[in-house]
Amino acid sequence: MDHIVFIYLIYTAVSIGLTVWLARTLYRNGAVFLSDVFEDRPYLADATNRLLVVGFYMLNLGYAFLILRRPDAASASEAVHFLIERLGLLLVSLGVIHFVNMLVFWNIRKRVALESAPLPVHPQAVLPQPADCDPFPA
């Protein structure tokens, strides 16, 4: 078997495994976070979480397969170097996408917190105006 075919098989298995593991972790922890954000609407929390995970799968797997290009690997060591380089690039991109996903969660939470913030308190008393203060000077 050609070296590069073996490397493709390893890369495909590792990239799919990493993406599935990370997506399941994000789904599980995102569910807790979103249920806190949308506590009065649990169906919205679940739907938002599922949509984020589907987008995560599409983006990560699409990118993982896009960066896979066949180099001219003449030896096994060149093929392994290619594998390590591509997996490193994939892990860095997964990290960036993960932080973008966390930014989306943070923005959702901030928006919900602003919407549910209490209104300012109306004044309870009116202080009398001092006698020596003329509000309309001549």
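These are my notebook entries on a predicted model of one protein chain.

**Entry 1: confidence**
I began with how far to trust the model. The protein chain averages a pLDDT of 79, and 90% of the residues score at least 70. I then went through the elements: confidence is highest in helix α2, residues 42-66, with a mean of 85. Helix α3, residues 76-115, has the lowest, at a mean of 79. A reminder to myself: where pLDDT is low, the predicted coordinates should not be read in detail.

**Entry 2: overall build**
Next I looked up the fold elements. I found three helices and zero strands in the protein chain, running α-α-α from the N terminus on. I also checked how far apart in sequence the contacts reach. Among contacts with a separation of 6 or more, 76% join residues 24 or more positions apart.

**Entry 3: inside and outside**
How much of the chain is buried? I noted that buried residues make up 26% of the 138 residues. For the outside, I noted an exposed area of about 10,000 Å², with carbon and sulfur atoms supplying 70% of it.

**Entry 4: the cores**
I turned to the nonpolar cores. The largest has 18 residues, and Tyr11, Phe56 and Leu90 have the most contacts inside it. Helices α1 (3-37), α2 and α3 each supply at least two residues of this core, and the largest share, seven residues, comes from α3. I followed Leu90 further: leaving out residues up to four places away in sequence, Leu90 touches Tyr11, Ser15, Asn60, Ala64 and Ile67. Apart from the largest core lies another, of seven residues, including Leu34, Ala45, Ile108 and Val112.

**Entry 5: two valines**
I picked Val53 and Val92 to look at one by one. Val53 sits in helix α2. Is Val53 buried or exposed? Val53 counts as buried because its relative accessibility is 12%, and the cut-off for buried is under 20%. Setting aside neighbours within four places in sequence, I found Val53 in contact with Ala23 and Tyr27. Ala23 is 30 residues from Val53 along the chain, yet their C-alpha atoms are separated by 6.1 Å.

Val92 is in helix α3. At 56% relative accessibility, Val92 counts as exposed, since the cut-off for that is over 50%. Which residues join Val92 in a nonpolar surface patch? I wrote down Val96, Val100 and Val104, which with Val92 make a patch of about 320 Å². For background, nonpolar side chains tend to be buried together in soluble globular proteins.

Technical notes:
Residues are numbered from 1 along each chain as its sequence is written. This is a predicted model: local features need pLDDT of at least 70, side-chain atom pairs count only at pLDDT 80 or more; totals for chains, interfaces and linings use all residues. Side-chain values use heavy atoms; hydrogens and water are left out. pLDDT is the predictor's confidence in each residue, from 0 to 100. Helices (H or I, at least four residues) and strands (E, at least two) are DSSP runs, numbered from the N terminus. A nonpolar core is a set of buried Ala, Val, Leu, Ile, Met, Phe, Trp, Tyr and Cys residues joined through side-chain atoms within 4.5 Å. Buried means under 20% relative accessible area, exposed over 50%, partly exposed in between (1.4 Å probe, protein chains only). Contact means heavy atoms within 4.5 Å. Patches are made of residues with over 30% relative accessible area and no salt bridge: like charges are joined within 9 Å, nonpolar side chains (Val, Leu, Ile, Met, Phe, Trp, Tyr) within 5 Å. Accessible areas come from the Shrake-Rupley method with a 1.4 Å probe; for residues, only the protein chains shown count as cover. A salt bridge is a side-chain nitrogen of Lys or Arg within 4 Å of a carboxyl oxygen of Asp or Glu.
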